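Got the model open in your viewer? Keep the selection box handy and follow along.

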Amino acid sequence: MRSHRPLLALTAAGAALTTALAAPAQAAEVPTAGVFYVQSAVTGLNAADNGGAVVQRNPKGNEDRQQWSLRSSGASYVLESTDTAGSCLGRSGGQARTVACAGADALWEITSTGTDQYRLKVPGADQYLTVGAKASGANYPAQLVVGGAGGPAAWYLTPVTSPVAPMPSQDRRTLDQVTFLTSHNAYANGVDGGFAPPFVNLVPNQTRGIDRQLTDGVRGFMLDIHQTSDGAILCHNSCTLVSRPVALWVDIQRMVDFLKRNPDEFVTVFLEDYVDPGVLRSELARVNGLSDVLYRPDQTGVRAKGWPRMADLIAANDRLLLFTDHSRSADQAAGLTRDSFGVMYQREWTVENYWSMGSGLGSSNWACYSRWYDANANIPLTAAAPPFRPLFVMNHFRDAGIASTAATDNTKLTDRAQRFCQPAARKKPNFLAVDHYDLGSPASAVATLNTYTY
């Protein structure tokens, strides 16, 4: 199960918006009229109508009154709610409100900041739509306000229908353009060994072992590791009372051996990591051939140049990428950082949506928002520092891996990815993480996403 941890902030930017129809001359860079999410560049959350108040909400597709129709109105613009005709995103008394579209308080001057972000200015005043001030130890307030032109006044106008282009050829596509099938709690399969205490052990997240997962096309693996006297062990929540648990090095060895037999493949591992860095280093040192295939983005200029082409990674034999969700600051305090031996800190290289869609039964919550956004953290799904853009890990599973529920959820994976999570992140998911990957055909969702780029 994915857990929540405090994080460091990253700068926010975004993917390119398309332009088409002419807009008023003084704002030629504003996107064409259409339906958009008004999305904070600071929090990644969307402006939504909440009974007349305009508040920021977790991105939720066509739900929760978050979609706005942009059109010009003389020299200015209005943003009309797609849920309530004649009601526009405006302001009243220093707060963002929905107001009559025909009124002056509905008008905005929209200007580009030159970074695919926009400011919404009150005509004739030095006032802007903005996120309210963040109190210490709290989230940014939900209520949007009218205020100064600082960073919180930066917005994306994210198209509801994502702008896409055909996928580049095999020799041209980069790592961040590819989507991989990913198994959540891949080790919790009941085939390779025990993974949890009694009763919990009765509800595996997967029903096929790691070798079979690799054969079936799984290329991303989420693994929980706990520290015991035997080293880094794969267990769910705790290794206490677990019968026949598997050591981390055993599963990593399976992956390295697979890569040696299949020289054109690429594998990524995500560690939910509860071990000391020295223990993890010793565990990985037991894997024969790991250094031959280990990919080190921290040593190859990814932040300055962007992610490399898959063909170049294959040619260089850089084909196994290891991530940890552990804190860099905690490791620095311990005197040994994990990236010193090739395990990347996930928060520095990826974004990830919150891990649960709800319990294992009943309706699900499709909202797509950052796992790393709370009172102590601010890494929105839209985070980027061009030309570098974090890889997007999309979680699509429940609290409990009940097979019948996962089978149904997995049939909806493409829909959620394209209508909810892709606009929320302003990028295509790179890792589709599911329970019971063999049910509901999530591989078809991966195939669909691999036909285009955002």
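This tour goes through the disulfides and then a helix pair.

First, some housekeeping: this is a predicted model, in which local features need pLDDT of at least 70 and side-chain atom pairs count only at pLDDT 80 or more, while totals for chains, interfaces and linings use all residues. Residues are numbered from 1 along each chain as its sequence is written, and side-chain values use heavy atoms, with hydrogens and water left out.

**Stop 1: the cysteines**

Start by selecting the cysteine sulfurs. How many disulfides does a search of the whole structure find? The search turns up three, where a disulfide is a pair of cysteine sulfur atoms within 2.5 Å. Number the bonded cysteines in sequence order and the pairing reads 1-2, 3-4, 5-6.

**Stop 2: Cys88 and Cys101**

Select Cys88 and Cys101, whose sulfur atoms sit 2.0 Å apart in a disulfide. The torsion about their S-S bond is about 100°, so this disulfide is right-handed. The pair links distant parts of the chain, 13 residues apart: Cys88 is in strand 6 (residues 87-92), and Cys101 is in the loop between strand 7 (95-100) and strand 8 (109-112). Strands here are DSSP runs of E with at least two residues, helices are runs of H or I with at least four, and both are numbered from the N terminus. Cys88 and Cys101 are both buried, meaning under 20% relative accessible area (exposed is over 50%, partly exposed in between; 1.4 Å probe, protein chains only).

**Stop 3: Cys235 and Cys239**

Next, pick Cys235 and Cys239, joined by a disulfide with an S to S distance of 2.2 Å. With a torsion of about 110° about the S-S bond, the disulfide is right-handed, so tilt your view to check it. Cys235 has 0% relative accessibility and therefore counts as buried; Cys239, at 17%, therefore counts as buried too.

**Stop 4: Cys368 and Cys421**

Now select Cys368 and Cys421, a disulfide with its sulfur atoms 2.0 Å apart. This pair links distant parts of the chain, 53 residues apart, with Cys368 in the loop between strand 21 (350-352) and strand 22 (373-374), and Cys421 in helix 10. Both Cys368 and Cys421 are buried.

**Stop 5: helix 10 against helix 11**

Stay on helix 10 (residues 413-425) and add helix 11 (residues 442-449): they pack at an angle of about 35°, axes 8 Å apart. Axes are lines fitted to C-alpha atoms, for helices over the stretch in contact, and angles run from 0 to 180 degrees between N-to-C directions. Show side chains for Leu413, Thr414, Ala417 and Gln418 of helix 10 and Pro442, Ala445, Thr448 and Leu449 of helix 11, which make the contact (heavy atoms within 4.5 Å).
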